[in-house]
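Let's take a walk through this fold together, starting with a word about terms and ending in a loop. Keep the 3D view open as you read.

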Amino acid sequence: MKGTSSRAPLGHLIENNRRWAQGAVQADPAFFQRLVEQQAPKYLWIGCADSRVPANDIVGLLPGELFVHRNVANLVVHSDLNCLSVLQYAIDVLHVEHVIVCGHYGCGGIAAAARAAPLGLIDNWLRHIQDVAERHRETLAGEAHECGRADRLCELNVLEQAHNVCRTTIAQDAWRRGQSLAVHAWIYRLTDGLVQDLGFSARGTQGHAAELAAAIGRLRNRGEAG
Ligand code: ZN
(Lines give C-alpha, C1' and ligand atoms only; values in the text may rest on other atoms or scores of the structure.)
Protein backbone atom coordinates (compact mmCIF):
# COMPACT_ATOMS: atom_id res chain seq x y z
CA MET A 1 0.00 0.00 0.00
CA LYS A 2 1.49 3.27 -1.10
CA GLY A 3 2.97 5.35 1.71
CA THR A 4 2.15 2.84 4.43
CA SER A 5 5.07 0.41 4.23
CA SER A 6 7.07 -0.32 7.36
CA ARG A 7 9.90 1.78 5.83
CA ALA A 8 7.81 4.95 6.12
CA PRO A 9 8.67 6.97 9.23
CA LEU A 10 5.42 6.07 10.98
CA GLY A 11 4.79 2.88 9.01
CA HIS A 12 4.57 0.79 12.17
CA LEU A 13 1.66 2.92 13.41
CA ILE A 14 -0.21 2.61 10.11
CA GLU A 15 0.37 -1.15 10.21
CA ASN A 16 -0.98 -1.27 13.75
CA ASN A 17 -4.02 0.63 12.50
CA ARG A 18 -4.64 -1.88 9.70
CA ARG A 19 -4.44 -4.76 12.18
CA TRP A 20 -6.75 -2.98 14.63
CA ALA A 21 -9.37 -2.25 11.92
CA GLN A 22 -9.22 -5.84 10.63
CA GLY A 23 -9.56 -7.21 14.16
CA ALA A 24 -12.56 -4.99 14.87
CA VAL A 25 -14.34 -6.19 11.71
CA GLN A 26 -13.50 -9.83 12.41
CA ALA A 27 -14.98 -9.55 15.90
CA ASP A 28 -18.03 -7.62 14.68
CA PRO A 29 -18.60 -7.20 10.92
CA ALA A 30 -21.00 -4.25 11.47
CA PHE A 31 -18.66 -2.41 13.86
CA PHE A 32 -17.69 0.54 11.67
CA GLN A 33 -21.05 0.78 9.91
CA ARG A 34 -22.74 1.22 13.27
CA LEU A 35 -20.24 3.90 14.32
CA VAL A 36 -20.81 5.84 11.11
CA GLU A 37 -24.55 5.84 11.61
CA GLN A 38 -24.64 6.83 15.25
CA GLN A 39 -22.72 8.68 17.92
CA ALA A 40 -24.72 8.43 21.12
CA PRO A 41 -22.34 8.38 24.07
CA LYS A 42 -23.85 8.64 27.54
CA TYR A 43 -20.66 9.98 29.09
CA LEU A 44 -18.31 12.92 28.65
CA TRP A 45 -14.81 12.35 29.99
CA ILE A 46 -12.69 15.37 30.86
CA GLY A 47 -9.23 14.00 31.59
CA CYS A 48 -5.52 14.73 31.52
CA ALA A 49 -3.62 14.68 28.23
CA ASP A 50 -1.07 12.34 29.90
CA SER A 51 -0.34 9.41 27.55
CA ARG A 52 -0.66 6.96 30.44
CA VAL A 53 -4.34 7.74 31.04
CA PRO A 54 -6.27 6.32 28.02
CA ALA A 55 -9.89 7.22 28.75
CA ASN A 56 -11.76 4.47 26.84
CA ASP A 57 -9.45 1.68 28.01
CA ILE A 58 -9.70 2.62 31.69
CA VAL A 59 -13.48 2.32 31.77
CA GLY A 60 -13.75 -0.45 29.16
CA LEU A 61 -15.80 1.52 26.63
CA LEU A 62 -15.72 1.14 22.87
CA PRO A 63 -15.41 3.96 20.32
CA GLY A 64 -18.79 5.72 20.18
CA GLU A 65 -19.47 5.17 23.87
CA LEU A 66 -17.38 7.94 25.45
CA PHE A 67 -17.07 11.58 24.37
CA VAL A 68 -13.62 12.80 25.38
CA HIS A 69 -11.86 16.07 26.10
CA ARG A 70 -8.29 16.05 27.41
CA ASN A 71 -5.89 18.79 28.36
CA VAL A 72 -2.93 19.22 30.70
CA ALA A 73 -4.12 18.46 34.25
CA ASN A 74 -7.83 18.08 33.27
CA LEU A 75 -8.71 21.72 33.82
CA VAL A 76 -12.13 23.28 33.26
CA VAL A 77 -11.35 26.96 32.82
CA HIS A 78 -14.33 29.30 32.61
CA SER A 79 -13.03 31.04 29.48
CA ASP A 80 -11.55 28.01 27.66
CA LEU A 81 -13.64 27.89 24.47
CA ASN A 82 -12.24 24.50 23.55
CA CYS A 83 -13.38 22.76 26.73
CA LEU A 84 -16.63 24.75 26.87
CA SER A 85 -17.47 23.86 23.27
CA VAL A 86 -16.96 20.16 23.98
CA LEU A 87 -19.11 20.47 27.09
CA GLN A 88 -21.86 22.35 25.25
CA TYR A 89 -21.95 19.92 22.34
CA ALA A 90 -21.90 16.92 24.67
CA ILE A 91 -24.75 18.22 26.84
CA ASP A 92 -26.92 20.14 24.37
CA VAL A 93 -26.54 18.02 21.24
CA LEU A 94 -25.44 14.54 22.35
CA HIS A 95 -27.38 14.71 25.64
CA VAL A 96 -24.75 12.91 27.68
CA GLU A 97 -26.08 12.00 31.11
CA HIS A 98 -22.79 12.04 32.98
CA VAL A 99 -19.75 14.33 32.94
CA ILE A 100 -16.74 12.65 34.54
CA VAL A 101 -13.77 14.84 35.41
CA CYS A 102 -10.94 12.39 35.96
CA GLY A 103 -7.53 13.40 37.25
CA HIS A 104 -4.67 11.12 38.16
CA TYR A 105 -2.02 10.75 40.82
CA GLY A 106 1.51 11.47 39.61
CA CYS A 107 0.24 14.19 37.24
CA GLY A 108 3.14 16.06 35.62
CA GLY A 109 1.04 19.20 35.26
CA ILE A 110 0.24 19.23 38.96
CA ALA A 111 3.88 18.57 39.86
CA ALA A 112 5.07 21.37 37.56
CA ALA A 113 2.54 23.78 39.09
CA ALA A 114 3.73 22.83 42.57
CA ARG A 115 7.40 23.31 41.63
CA ALA A 116 6.63 26.61 39.90
CA ALA A 117 9.83 26.36 37.83
CA PRO A 118 9.46 28.32 34.56
CA LEU A 119 8.55 26.13 31.55
CA GLY A 120 7.25 28.75 29.12
CA LEU A 121 3.73 29.43 27.86
CA ILE A 122 2.30 26.52 29.85
CA ASP A 123 3.07 28.40 33.08
CA ASN A 124 -0.03 30.50 32.37
CA TRP A 125 -2.15 27.34 32.15
CA LEU A 126 -0.60 25.94 35.32
CA ARG A 127 -1.55 29.12 37.18
CA HIS A 128 -5.04 27.66 37.48
CA ILE A 129 -3.61 24.78 39.52
CA GLN A 130 -1.61 27.20 41.64
CA ASP A 131 -4.89 29.04 42.30
CA VAL A 132 -6.37 25.75 43.56
CA ALA A 133 -3.30 25.20 45.79
CA GLU A 134 -3.60 28.73 47.15
CA ARG A 135 -7.30 28.27 47.89
CA HIS A 136 -6.60 25.06 49.81
CA ARG A 137 -3.32 26.07 51.45
CA GLU A 138 -4.51 24.92 54.87
CA THR A 139 -5.57 21.46 53.68
CA LEU A 140 -2.28 21.00 51.83
CA ALA A 141 -0.25 22.20 54.83
CA GLY A 142 -1.79 19.33 56.80
CA GLU A 143 0.23 16.88 54.69
CA ALA A 144 3.62 16.23 56.27
CA HIS A 145 5.30 14.79 53.17
CA GLU A 146 5.79 16.25 49.74
CA CYS A 147 4.32 13.23 47.92
CA GLY A 148 1.27 13.38 50.18
CA ARG A 149 0.85 17.05 49.29
CA ALA A 150 1.16 16.29 45.58
CA ASP A 151 -1.48 13.53 45.81
CA ARG A 152 -3.77 15.83 47.76
CA LEU A 153 -3.38 18.61 45.20
CA CYS A 154 -4.28 16.14 42.41
CA GLU A 155 -7.48 15.30 44.32
CA LEU A 156 -8.35 18.90 45.16
CA ASN A 157 -7.80 19.91 41.55
CA VAL A 158 -10.25 17.28 40.25
CA LEU A 159 -12.88 18.37 42.77
CA GLU A 160 -12.45 22.04 41.84
CA GLN A 161 -12.69 21.27 38.13
CA ALA A 162 -15.86 19.19 38.61
CA HIS A 163 -17.23 22.14 40.57
CA ASN A 164 -16.30 24.40 37.66
CA VAL A 165 -18.34 22.21 35.28
CA CYS A 166 -21.36 22.72 37.56
CA ARG A 167 -20.91 26.48 37.44
CA THR A 168 -20.94 26.75 33.63
CA THR A 169 -24.02 28.23 31.97
CA ILE A 170 -24.15 24.97 29.99
CA ALA A 171 -24.69 22.67 33.02
CA GLN A 172 -26.88 25.24 34.76
CA ASP A 173 -29.15 25.66 31.71
CA ALA A 174 -29.41 21.89 31.25
CA TRP A 175 -30.54 21.45 34.85
CA ARG A 176 -32.97 24.36 34.59
CA ARG A 177 -34.74 22.74 31.63
CA GLY A 178 -34.94 19.44 33.52
CA GLN A 179 -32.30 17.50 31.59
CA SER A 180 -30.79 14.51 33.39
CA LEU A 181 -27.13 15.34 34.07
CA ALA A 182 -24.71 14.28 36.79
CA VAL A 183 -21.17 15.61 37.29
CA HIS A 184 -18.57 13.38 38.94
CA ALA A 185 -14.98 13.71 40.20
CA TRP A 186 -12.73 10.69 39.81
CA ILE A 187 -9.04 10.05 40.24
CA TYR A 188 -6.95 7.38 38.55
CA ARG A 189 -3.87 5.75 40.03
CA LEU A 190 -1.12 4.99 37.52
CA THR A 191 0.45 2.33 39.75
CA ASP A 192 -2.54 -0.02 39.86
CA GLY A 193 -4.84 1.23 37.08
CA LEU A 194 -7.73 1.79 39.49
CA VAL A 195 -10.17 4.68 39.50
CA GLN A 196 -11.52 6.13 42.72
CA ASP A 197 -14.69 8.18 43.02
CA LEU A 198 -13.96 11.25 45.15
CA GLY A 199 -17.58 11.45 46.28
CA PHE A 200 -18.56 14.61 44.43
CA SER A 201 -21.81 14.09 42.58
CA ALA A 202 -23.87 17.06 41.41
CA ARG A 203 -27.30 16.58 39.83
CA GLY A 204 -28.95 20.01 39.99
CA THR A 205 -28.50 23.78 39.94
CA GLN A 206 -27.87 24.12 43.69
CA GLY A 207 -25.64 22.77 46.43
CA HIS A 208 -22.36 22.35 44.58
CA ALA A 209 -20.30 24.35 47.06
CA ALA A 210 -21.60 22.19 49.92
CA GLU A 211 -20.92 19.06 47.87
CA LEU A 212 -17.37 20.29 47.23
CA ALA A 213 -16.79 21.15 50.91
CA ALA A 214 -18.08 17.71 52.01
CA ALA A 215 -15.80 15.90 49.54
CA ILE A 216 -12.80 17.93 50.71
CA GLY A 217 -13.75 17.22 54.33
CA ARG A 218 -13.71 13.49 53.59
CA LEU A 219 -10.24 13.84 52.01
CA ARG A 220 -8.96 15.61 55.11
CA ASN A 221 -10.46 13.01 57.46
CA ARG A 222 -8.96 10.21 55.41
CA GLY A 223 -5.56 11.94 55.57
CA GLU A 224 -5.79 12.35 59.33
CA ALA A 225 -6.92 8.73 59.78
CA GLY A 226 -4.05 7.48 57.60
ZN1 ZN B 1 -1.68 14.60 34.21
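Helices here are DSSP runs of H or I with at least four residues, strands are runs of E with at least two, and both are numbered from the N terminus. With that in hand, Gly-148 belongs to helix 8, and we'll come back to this glycine further on. Bear in mind throughout that you're looking at a predicted model.

First, the overall picture. The chain has ten helices and five strands, and its C-alpha trace spans about 60 × 45 × 35 Å along the principal axes. Of the 226 residues, 30% are buried. If you take the contacts with a separation of 6 or more, 64% of them link residues 24 or more positions apart.

Now find the sheet. In general, strands of a sheet pair through backbone hydrogen bonds, and they can do that either parallel or antiparallel. This sheet is an open one with mixed pairing, and its five strands come in the order 2-1-3-4-5. At the edges sit strand 2 (66-71) and strand 5 (195-202), each with a pairing on one side only. From one strand to the next, the twist averages 20°.

Strand 3 (residues 98-104) is a good place to stop. It runs parallel to strand 1 (residues 43-48), and five bridges join the two. You can check the register by eye: Trp-45 stands opposite Ile-100 in strand 3. Turn to strand 4 (residues 182-188), and you'll find that strand 3 pairs with it in the parallel sense too, over seven bridges. Here the pair to look for is Cys-102, which stands opposite Trp-186 in strand 4. How much of strand 3 is covered? Most of the strand: six of its seven residues are buried.

A helix lies over part of this sheet. Helix 4 (residues 81-93) lies across strand 1 and strand 2, and it runs at about 170° to strand 2.

Next, the helices that pack on each other. Two packed helices are described by the angle between their axes and the distance between the axes. Begin with helix 5 (residues 108-115) and helix 8 (residues 146-167), which pack at an angle of about 115° with their axes 10 Å apart. Helix 5 and helix 8 are therefore roughly perpendicular to each other. Their crossing is right-handed. On the helix 5 side the contact uses Ile-110, Ala-111 and Ala-114, and on the helix 8 side Ala-150, Leu-153, Cys-154 and Asn-157. Sorted by class, this contact of helix 5 with helix 8 has six nonpolar residues, one polar and no charged ones.

Helix 8 has another partner in helix 6 (residues 122-135). Those two pack at about 105°, with their axes 10 Å apart, which makes helix 6 roughly perpendicular to helix 8. Ile-129, Val-132 and Ala-133 of helix 6 meet Leu-153, Leu-156, Asn-157 and Glu-160 of helix 8. The contact of helix 6 with helix 8 divides into five nonpolar residues, one polar and one charged. Leu-153 and Asn-157 are worth picking out on screen, since they turn up in the contact with helix 5 and in the contact with helix 6.

Back to Gly-148, as promised. Is this residue of helix 8 buried, partly exposed or exposed? Gly-148 has 14 other C-beta atoms within 10 Å; buried would take 20 or more, and exposed 12 or fewer, so Gly-148 counts as partly exposed. Gly-148 also has a sequence-distant companion: Gly-223 is 75 residues away in sequence, but the two are 8.8 Å apart in space, C-alpha to C-alpha.

Last stop: the loop between strand 2 and helix 4, where you'll find Ala-73. Its phi is near 70°, a positive value in a residue other than glycine. Asn-74 is in the loop between strand 2 and helix 4 as well, and it has a positive phi of about 40° although it is not a glycine. Are Ala-73 and Asn-74 buried or exposed? Ala-73 is buried, because it has 28 other C-beta atoms within 10 Å. Asn-74 is buried as well, with 31 other C-beta atoms within 10 Å.

Note on methods. Residues are numbered from 1 along each chain as its sequence is written. This is a predicted model: local features need pLDDT of at least 70, side-chain atom pairs count only at pLDDT 80 or more; totals for chains, interfaces and linings use all residues. Axes are lines fitted to C-alpha atoms, for helices over the stretch in contact, and angles run from 0 to 180 degrees between N-to-C directions. Angles under 35 degrees count as roughly parallel, over 145 as roughly antiparallel, 65 to 115 as roughly perpendicular and the rest as oblique. A crossing is left-handed if the near helix is turned anticlockwise from the far one by less than a right angle, and right-handed if clockwise. Two residues are in contact if their C-beta atoms, placed from the backbone, lie within 7 Å. Ala, Val, Leu, Ile, Met, Phe, Trp, Tyr, Cys and Pro count as nonpolar, Asp, Glu, Lys and Arg as charged, and the others, Gly among them, as polar. Two strands pair if DSSP finds at least two bridges between them.
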